[in-house]
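Welcome! Below are a few short exercises, each with a solution worked out step by step. Have a look at the structure and try each task before reading on.

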Amino acid sequence: MKMTFRWYGETDTIPLKYIRQIPNMSGVVTAVYDVPVGEVWSDASVSRLKRLCDEAGLGMEVIESIPVHEDIKLGRGSRDVYIENYCKNIRTVAKYGVKCVCYNFMPVFDWLRTDMHHVNFDGSDSLSYSREDFDKIDPQNLHLPGWDESYAPDELRSLLSAYSDVSHDMLFDNLVYFLKAVTPVCDEVGVKMAIHADDPPWDVFGLPRIVSSEADLDRMFAAVPSTNNGVTLCTGSFGAGRTNDVVRMAAKYAAQGRVHFAHLRNIKYTDDKDSFCEVGHCSAYGSLDMAAIVRALVENGFDGYVRPDHGRNIWDENGKPGYGLYDRALGAAYINGLFEYAEKCAKADKH
Ligand code: DNO
């Protein structure tokens, strides 16, 4: 595996030299952040990012994300232009050594939580999702914590209403249309597409979500068989779906060579509905067996990128929600340990 760390570019308060000092760190996961969704990334922006990483002694082989324009998800006539731009962006990042692109296909929203500062038993705080609080939110009048998309209220309303005609199957067809256009470019330039799990993995505000389960992934891989059509195995996202067996999914898709990237974090179920909170990475803190997940990846030949995902706020750090330095660094150290042990066991078993 290659250990990586998300870095929000030059506006990130965490300097690259700190990231470099986390044990076993191979590189950062980053993106061009100052270009509107759907537009072309300039060569200069990507080369600048690459130069900063080079100077810091860090790789830049994973982009998270090249976001997908809503017109592509909606299947609007203008999608072909945005898909063309997407392909241009893939070519540009490939030119600078990028091997993997993480993206999502969630309509309108990306990840959703109801509390950015849920206080844990040890005084740390983390993100959480309460079904009860979520049900109180009016999507037409949104004030979602941590949600930084900048739609004006009217724009958001018209976008939501555009989706009222879009079924799961239509959204799926639009994903397949997108992938059929993009994967040949990936095949040509050697880039792996890694779709991120829906977070949380169920429909929200009546919007369809189609990357929530094993059945969803099977359907997607069957429709576009290139192994450059893969997944970002986000353990916390898939794991929030209680019928998802993340260990089994890790084993199955690693064996298929489709896990190009893994976001490793733990969550704890906090009621018998959908609620959960994000916890420290180790298995003892949450509902997921992180050691079993890593072992399933390793035993099935996984050799992709991993990163510690959302950390808690600890040691009085006031980090970007989920993306402070300290707890993600602890997460990386823990994940390194899991991989070292799983890899040594797998080697010993072979002899
Ligand atoms: C949240 C992240 C997601 C992820 C996107 C990928 O912290 O895991 O926002 O970057 O869904 O497109």
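## Exercise 1: The two sides of a helix

Helix α6 has a face turned away from its buried side, and that face carries the exposed residues Pro153 and Asp154. Keep in mind that you are looking at a predicted model.

**Task.** Find which residues of helix α6 are buried, and work out why they line one face of the helix.

**Solution.**
- Step 1: Go through residues 153-162, which form α6; the buried ones are Leu156, Leu159, Leu160 and Ala162.
- Step 2: Look down the axis of α6. Its buried residues fall within an arc of 155°, so they line one face of the helix.
- Step 3: Look for the packing partner. The buried residues of α6 pack against α3 (70-74).

## Exercise 2: A buried pair of opposite charge

**Task.** Locate Asp12 and Arg328, and decide how the distance of 5.2 Å bears on a salt bridge.

**Solution.**
- Step 1: Place both residues. Asp12 is in the loop between β1 (2-6) and α1 (16-20), while Arg328 belongs to helix α12 (residues 326-350).
- Step 2: Check burial. Asp12 is buried, and Arg328 is buried too.
- Step 3: Compare with the cut-off. A salt bridge needs a side-chain nitrogen of Lys or Arg within 4 Å of a carboxyl oxygen of Asp or Glu. For Asp12, the nearest side chain of opposite charge is Arg328, 5.2 Å away, and Asp12 has no salt bridge. Arg328 has none either, with Asp12 as its nearest side chain of opposite charge.
- Step 4: See what else surrounds them. A polar atom of the Asp12 side chain lies 2.7 Å from the backbone nitrogen of Tyr8. Beyond four places in sequence, Asp12 touches Arg6 and Trp7. With neighbours within four places left aside, the contacts of Arg328 include Arg6, His310 and Tyr323.

## Exercise 3: Around the ligand

**Task.** Name the residues that come nearest to the ligand, out of the 14 around the ligand.

**Solution.**
- Step 1: The nearest are Glu64, Ser65, Asp110, His310 and Tyr323.
- Step 2: Look at the polar atoms. A polar side-chain atom of Glu64 is 2.5 Å from an oxygen atom of the ligand. For Ser65, a side-chain N or O atom is 2.5 Å from a ligand oxygen atom. For Asp110, the distance from a polar side-chain atom to an oxygen atom of the ligand is 2.8 Å.

Terms used: Residues numbered from 1 in each chain as written. Predicted model: local features only at pLDDT ≥ 70, side-chain atom pairs only at ≥ 80, totals over all residues. Heavy atoms only, no water. Helix = DSSP H or I, 4+ residues; strand = E, 2+ residues; numbered from the N terminus. Buried < 20%, exposed > 50% of the residue type's maximum accessible area, 1.4 Å probe, protein only. Lys, Arg positive; Asp, Glu negative; His and termini not counted. Polar contact = N/O pair within 3.5 Å; in protein donor to acceptor, adjacent residues only side chain to side chain. Contact = heavy atoms within 4.5 Å. Arc of directions from axis to C-beta. Near = heavy atom within 4 Å.
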